[in-house]
Amino acid sequence: MLEYEKNLTTNRRIELFNGLMKEKISKEFYDWLIENGFFTQAASTKYHGAFEGGLFDHSYEVTQVLLDMTQRLNLQWTRPESPYIIGMFHDLCKIDNYITIVDEPGEIMMGTGDVKGKEIHFEYNQDCILTGHADKSIMLLSQFVNLTEEEMLCIRFHMGAYEGQDQWDNYDKAIRKYETVLFTHTADMYTSKVKGV
Ligand SMILES: [Fe+2]
Ligand SMILES: [Fe+2]
């Protein structure tokens, strides 16, 4: 459970995504994800997933943890695709949050297409129109997926108590309504803090 596949190529990420998600989302949403860099975006500038593809790797692993918890704890969701939608897209807000700065372009290895010695880092994108975290994920996702209330609340409170003291009471109410809100936060924490992505 602790191990995850590291150093994936973009093609491998898309392949993993298709295996898990293709039947569950529209072609329009899929194309949007590709066009907007969901498979190459980082998950942060310097914390977990601060590498090319980090956003996908984090989201994929959260989905796996949620599915595992669903099975072990016999979690009941409003609809079966919920853990997939929540895990994969709870951090969709990050899709345009960072820009990649190439410090050292590296060298393309003849015949393989691999690049050696490439060095990059990430900075905040100053051109973002929408800001915010969980709310922004819900807004972006709502363009393509008709979210259930449970999915909306799981994404809204995936930061748990880190969301800030003014939200503690709402977080509490959300957990009482759907226990999956608590497990979504746990899956997110387990993935970033224990699995390290
Ligand atoms: Fe998040
Ligand atoms: Fe997350």
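This passage describes the nonpolar core, the salt bridges, the surface patches and two backbone features of a predicted model.

The largest nonpolar core of the predicted structure comprises 46 residues, and those with the most contacts inside it are Phe17, Phe29, Leu33, Phe38, Phe89 and Leu92. At least two residues of this core are supplied by each of the helices α1 (10-21), α2 (27-35), α3 (54-72), α4 (82-89), α5 (134-142), α6 (149-156), α7 (168-177) and α8 (180-195). Among these contributors, α3 provides the largest share of the core, with 8 residues. In soluble globular proteins, nonpolar side chains tend to be buried together.

Turning to charged side chains, the structure holds 16 salt bridges. Side chains of opposite charge can pair when their charged atoms come close. One of the salt bridges joins Arg12 to Glu15, with a separation of 2.6 Å between the closest N and O atoms. Both residues belong to helix α1, where Arg12 and Glu15 are 3 residues apart, about one turn of the helix. Arg12 counts as partly exposed because its relative accessibility is 29%, a value that lies between the limits of 20% for buried and 50% for exposed residues. Glu15 is likewise classed as partly exposed, at 48% relative accessibility. The pair also belongs to a wider arrangement, in that Glu5, Arg12 and Glu15 are linked in a network of salt bridges.

Helix α7 carries two further pairs. Lys173 forms a salt bridge with Asp169, the closest N and O atoms being 3.2 Å apart; the two residues are 4 positions apart in helix α7, so that about one helical turn separates them. Of this pair, Asp169 is partly exposed, with a relative accessibility of 48%. A salt bridge also connects the side chains of Asp172 and Arg176, at an N to O distance of 2.7 Å, and here too the partners are 4 residues apart in helix α7 and therefore separated by about one helical turn. Asp172 is partly exposed at 32% relative accessibility, whereas Arg176 is exposed, with a relative accessible area of 66%.

On the surface, a patch of negative charge is formed by Asp103, Glu104, Glu107, Glu119 and Glu123. Strands β1 (98-104) and β4 (119-124) are the elements that give two or more residues to this negative patch. Glu123, one of the patch members, is located in strand β4 and counts as partly exposed because its relative accessibility is 37%.

A patch of another kind, nonpolar and about 320 Å² in area, is made on the surface by Ile129, Leu130 and Met139. Within this patch, Leu130 is placed in the loop between β4 and α5. Leu130 has a relative accessible area of 32% and is therefore partly exposed.

The backbone, finally, includes two asparagine residues with positive phi values. Phi of Asn7 is near 55°, a positive value in a residue other than glycine, and Asn7 lies in the segment before α1. With a relative accessible area of 76%, Asn7 is exposed. Asn74, which is not a glycine either, has a positive phi of about 55° and is found in the loop between α3 and α4. Asn74 counts as exposed because its relative accessibility is 54%, where the limit for exposed residues is over 50%.

Technical notes: Residues numbered from 1 in each chain as written. Chains lettered and ligands numbered in written order. Predicted model: local features only at pLDDT ≥ 70, side-chain atom pairs only at ≥ 80, totals over all residues. Heavy atoms only, no water. Patch = residues over 30% accessible without salt bridge, like charges linked within 9 Å, V, L, I, M, F, W, Y side chains within 5 Å. Areas by Shrake-Rupley, 256 points an atom, 1.4 Å probe, with all protein chains shown as cover. Salt bridge = Lys/Arg side-chain N within 4 Å of Asp/Glu carboxyl O. Lys, Arg positive; Asp, Glu negative; His and termini not counted. Charge placed at Lys NZ, Arg CZ, Asp CG, Glu CD. Buried < 20%, exposed > 50% of the residue type's maximum accessible area, 1.4 Å probe, protein only. Core = buried A, V, L, I, M, F, W, Y, C linked by side-chain atoms within 4.5 Å.
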